[in-house]
Amino acid sequence: MKSTVLLLLAVTGLLAACTSARDEMSKAGTNRTPVAHNTIVDCPVYDGMKKTSTVLAQTTSGNEVQVTDTINAYFVRVRLDTGGETKVGYMDRRCFGERGNERGNRKVK
């Protein structure tokens, strides 16, 4: 009897946790539009999230790129125009200085 009650409580807790996580994901609180940033140093734009990935483009300091997503602690996903062509790739966060630590998908105030 005790094991049945414990199992029922565990299943109820799990369902409540899943429901609250789903509700949190469906909230419309994030702005998913790209945020323009200027680079502070010369940085490559990679096709992957490794320093050994293929370089798609090279930016110089002062170039403007659009940060479309903050992928992880080291890289952000960016979109930039080079030579009339739009490229999407990944840049190191340190290319933007302190502004690179801001989230690309900020909460709407």
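Below, a colleague questions a modeller about this predicted model.

Colleague: In what order do the elements of the protein run from the N terminus on?
Modeller: The model is predicted. The protein has one helix and six strands. Helix H1 covers residues 2-26. From the N terminus on, the order is α-β-β-β-β-β-β.

Colleague: Which percentage of the 109 residues in the protein is buried?
Modeller: The accessible surface of the protein comes to about 7800 Å². Carbon and sulfur atoms hold 57% of that surface. Buried means under 20% relative accessible area. By that cut-off, the buried share of the 109 residues is 26%.

Colleague: Among contacts between residues at least 6 apart in sequence, what share joins residues at least 24 apart?
Modeller: One pair of this kind is Lys51 and Asp92, which touch and sit 41 residues apart along the chain. Over the protein, taking contacts between residues at least 6 apart, the share that joins residues at least 24 apart is 49%.

Colleague: Which residue in S5 is the bridge partner of Gln66?
Modeller: Gln66 is in S4, where it stands opposite Ala36. S4 (residues 64-69) runs antiparallel to S1, with four bridges between them. S4 also pairs with S5 (residues 75-82) in the antiparallel sense, over three bridges. In S5, the partner of Gln66 is Arg79.

Colleague: How many residues does the hairpin use to join S4 to S5?
Modeller: S4 covers residues 64-69 and S5 covers residues 75-82. The two strands pair in the antiparallel sense. The hairpin that joins S4 to S5 runs through five residues.

Colleague: Which residue takes a positive phi in the hairpin of S5 and S6?
Modeller: S5 and S6 are antiparallel and pair over eight bridges. One of the bridge partnerships sets Leu80 against Lys87 in S6. The hairpin has two residues between the strands. The residue with a positive phi near 60° is Gly83.

Colleague: Which residues are joined into one network by salt bridges that share partners?
Modeller: A search of the whole structure finds three salt bridges. Asp92 meets Lys51 in one, at 2.8 Å from N to O. Arg94 forms another with Asp92, the closest N and O atoms being 2.6 Å apart. Asp92 is the shared partner, and the network consists of Lys51, Asp92 and Arg94.

Colleague: Is Asp92 buried or exposed?
Modeller: Asp92 forms salt bridges with Lys51 and with Arg94. Its partner Arg94 counts as exposed, at 61% relative accessibility. For Asp92 the relative accessible area is 9%. The cut-off for buried is under 20%, so Asp92 is buried.

Colleague: What distance separates the C-alpha atoms of Lys51 and Asp92?
Modeller: Lys51 sits in the loop between S2 and S3. Leaving out residues up to four places away in sequence, Lys51 touches Tyr46, Phe75, Asp92 and Arg94. Its side chain makes a polar contact with the side chain of Asp92 at 2.8 Å. The C-alpha atoms of Lys51 and Asp92 are separated by 8.8 Å.

Colleague: Which residue meets Lys87 in a salt bridge?
Modeller: Lys87 is in S6, as the bridge partner of Leu80. The salt bridge of Lys87 spans 3.6 Å from N to O. The acidic partner counts as partly exposed, at 44% relative accessibility. That partner is Glu85.

Colleague: The backbone oxygen of which residue lies 2.8 Å from a polar atom of the side chain of Thr39?
Modeller: Thr39 lies in the loop between S1 (35-38) and S2 (43-46). Thr39 is buried, because its relative accessible area is 3%. Beyond its neighbours within four places in sequence, its contacts include Thr59, Ser61, Met91 and Phe96. The backbone oxygen 2.8 Å from the Thr39 side chain belongs to Thr60.

Colleague: What is the area of the nonpolar surface patch made by Met1, Val5 and Leu9?
Modeller: Leu9 lies in helix H1. With a relative accessible area of 57%, Leu9 is exposed. Together with Met1 and Val5, Leu9 makes a nonpolar surface patch of about 360 Å².

Note on methods:
Residues numbered from 1 in each chain as written. Predicted model: local features only at pLDDT ≥ 70, side-chain atom pairs only at ≥ 80, totals over all residues. Heavy atoms only, no water. Buried < 20%, exposed > 50% of the residue type's maximum accessible area, 1.4 Å probe, protein only. Polar contact = N/O pair within 3.5 Å; in protein donor to acceptor, adjacent residues only side chain to side chain. Contact = heavy atoms within 4.5 Å. Patch = residues over 30% accessible without salt bridge, like charges linked within 9 Å, V, L, I, M, F, W, Y side chains within 5 Å. Areas by Shrake-Rupley, 256 points an atom, 1.4 Å probe, with all protein chains shown as cover. Salt bridge = Lys/Arg side-chain N within 4 Å of Asp/Glu carboxyl O. Pairing = 2+ DSSP bridges.
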